[in-house]
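I opened my notebook to look at a few helix pairs and a couple of single residues. Here is what I looked up, in the order I went.

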Amino acid sequence: MSTVTLESLGFNMVPQEPSKKYTDQKFILIGASKSGKTKLLSCAGDKAFWFRTEAGHNHVKTVGADIHDLKEFETWKSKLFQAKNAGIFPFDTVVIDTGDRLIDFITEDIIEKAKNKFTKMDINGIGDIPEGQGWYSLKTSINLLLKQFEDLPCAVFLVFHVGTDTLNEDGDSRKSYKKETINIGGKAGIALLAWADTILHIRMGYVGDLQARKLLFRGNKTVEAGSRIKEMPLSIPLT
């Protein structure tokens, strides 16, 4: 009778080495309108494929597709996987600019399906869908989409406008503070932030009369940023 071992049962007892390869990374880039988010990522050139879900790309050269609804997004996502499966995938980066608008597309699709299902109800927003089904569908759809993009052989950037979230310190509502983060709240926002390996944040300010920008790799109590890669700097200036 053969001896049962962990290896014979299919366990791989060799620890998985962490990957610092760029193409294995998942990023979120946060910044205010006209802070230079699109311009920064356009440095990737023709090695990046862009899902252009909003206007504002006419000042940079990008390879990609203009996306007006979820159906168009799914069509181009499918084409990327067809290229991967055919062994002709040429990109090292995929950019979704902006993630805000993509979430809008998903939300609009969920609401439209709910209207067709609950024909006797007045459904104008995702919160109108009974028994929390709307919010559950949104979170599930986002998690599925994020998981799918992990299967592409490239880095993925989700670009978000900055939003402000009010948080309570140690659960005490009397000790509230504001945090600059992605413009998506609730469980959907939590899922997005947890997905990213690195959250970058472009901050703008003034030195005298001159505008100054910096790219944050590490955040703090009031600013969302951070990375699973320990060697990342705190920030770098942007010109």
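I began with helices α2 and α4, which are roughly parallel to each other (an angle under 35 degrees counts as that, over 145 as roughly antiparallel, 65 to 115 as roughly perpendicular and the rest as oblique). Their packing angle is about 25°, and the axes lie 12 Å apart; axes are lines fitted to C-alpha atoms, for helices over the stretch in contact, with angles from 0 to 180 degrees between N-to-C directions. I noted that α2 passes α4 in a left-handed crossing (the near helix is turned anticlockwise from the far one by less than a right angle; clockwise would be right-handed).

Who makes this contact (heavy atoms within 4.5 Å)? I found Phe73, Lys77 and Phe81 on α2, with Leu145, Gln148 and Phe149 on α4. By class I get 4 nonpolar, 1 polar and 1 charged residues; Ala, Val, Leu, Ile, Met, Phe, Trp, Tyr, Cys and Pro count as nonpolar, Asp, Glu, Lys and Arg as charged, and the others, Gly among them, as polar.

A note on the source: this is a predicted model, where local features need pLDDT of at least 70 and side-chain atom pairs pLDDT 80 or more, while totals for chains, interfaces and linings use all residues. Residues are numbered from 1 along each chain as its sequence is written, and side-chain values use heavy atoms, leaving out hydrogens and water.

Next I checked α3 (residues 99-117) against α4 (residues 133-149); here the angle is about 135° and the axes are 10 Å apart. That makes α3 oblique to α4, and their crossing is right-handed. On the α3 side the contact includes Leu102, Ile103 and Ile106, and on the α4 side Leu138, Ile142 and Leu145 are among the residues. I logged 7 nonpolar, 5 polar and 1 charged for this contact.

Then I turned to Phe27, in strand β1 (residues 26-31). Is Phe27 buried or exposed? Phe27 is buried at 8% relative accessibility (buried is under 20% relative accessible area, exposed over 50%, partly exposed in between, with a 1.4 Å probe and protein chains only). Its C-alpha is 7.4 Å from that of Leu200, 173 residues apart along the chain.

My last entry is Asp197, in the loop between α5 (186-195) and β7 (198-207); helices (H or I, at least four residues) and strands (E, at least two) are DSSP runs numbered from the N terminus. Asp197 is buried too, at 11%. Beyond four places away in sequence, Asp197 touches Asp24, Gln25, Lys26, Gly226, Ser227 and Arg228.

Note on methods:
Contact = heavy atoms within 4.5 Å.
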